Amino acid sequence: MPEIGGLIDPDDEAHELVMSVFGGMSKGERSRIKPRVRTAIPDERAPGRVSNTALMKVLR
């Protein structure tokens with residue numbers, strides 16, 4: 001773990017603390033992103049909208 005000077009040692013309390021902090025930050029990021037993605041899905045499925053799959057077929 002470069003942040004604390006080397007490889008991850010699961011028996012080291014400092015490493016465990018840093019991994020807990022990273023896990024909490026990751027969970028927070030996921031919970032902030034989730035509503036935006038849920039809001040965007042219906043817009044992406046709207047009539048007249050070109051899907052990524054259709055676009056990729058055209059670009060081949």
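So, burial: of the 60 residues in the protein chain, buried ones make up just 7%. Keep in mind that this is a predicted model. As for the outside, the accessible surface of the chain comes to about 5600 Å², and carbon and sulfur atoms account for 59% of that.

What about secondary structure? The chain has two helices and zero strands. I'll spend my time on α1.

Helix α1 runs over residues 13-44, so that's 32 residues. At 1.5 Å a residue you'd expect a span of 46 Å, and the C-alpha atoms at its ends are 45 Å apart, so the two agree. That said, α1 does have a bend in it, about 25 degrees, at I33. Look a little further along and you'll find a proline, P35, within four residues of that bend.

Now go to the N-terminal end of α1. Which residue caps it? That's D12: one of its side-chain oxygens sits 3.1 Å from the backbone nitrogen of A14.

Back to burial for a second, this time within α1. The buried residues there are H15, V18 and G28.

And then there's the greasy side of things. I8, L17, M19, V21, F22 and M25 together make a nonpolar surface patch of about 560 Å². Let me pick out M25, which is in helix α1. Why do we call M25 partly exposed? Its relative accessibility is 45%, and partly exposed covers what lies between the buried cut-off, under 20%, and the exposed one, over 50%. So M25 contributes to that nonpolar patch while counting as partly exposed.

Okay, that's my tour of α1.

Note on methods:
Residues are numbered from 1 along each chain as its sequence is written. This is a predicted model: local features need pLDDT of at least 70, side-chain atom pairs count only at pLDDT 80 or more; totals for chains, interfaces and linings use all residues. Side-chain values use heavy atoms; hydrogens and water are left out. The expected span of a helix is 1.5 Å times one less than its number of residues. The bend at a residue is the angle between axes fitted to the seven residues ending there and the seven starting there. Buried means under 20% relative accessible area, exposed over 50%, partly exposed in between (1.4 Å probe, protein chains only). A polar contact is a pair of N or O atoms within 3.5 Å; within protein, one must be able to donate a hydrogen and the other to accept it, and residues adjacent in sequence count only if both atoms are side-chain atoms. Accessible areas come from the Shrake-Rupley method with a 1.4 Å probe; for residues, only the protein chains shown count as cover. Patches are made of residues with over 30% relative accessible area and no salt bridge: like charges are joined within 9 Å, nonpolar side chains (Val, Leu, Ile, Met, Phe, Trp, Tyr) within 5 Å. A salt bridge is a side-chain nitrogen of Lys or Arg within 4 Å of a carboxyl oxygen of Asp or Glu.
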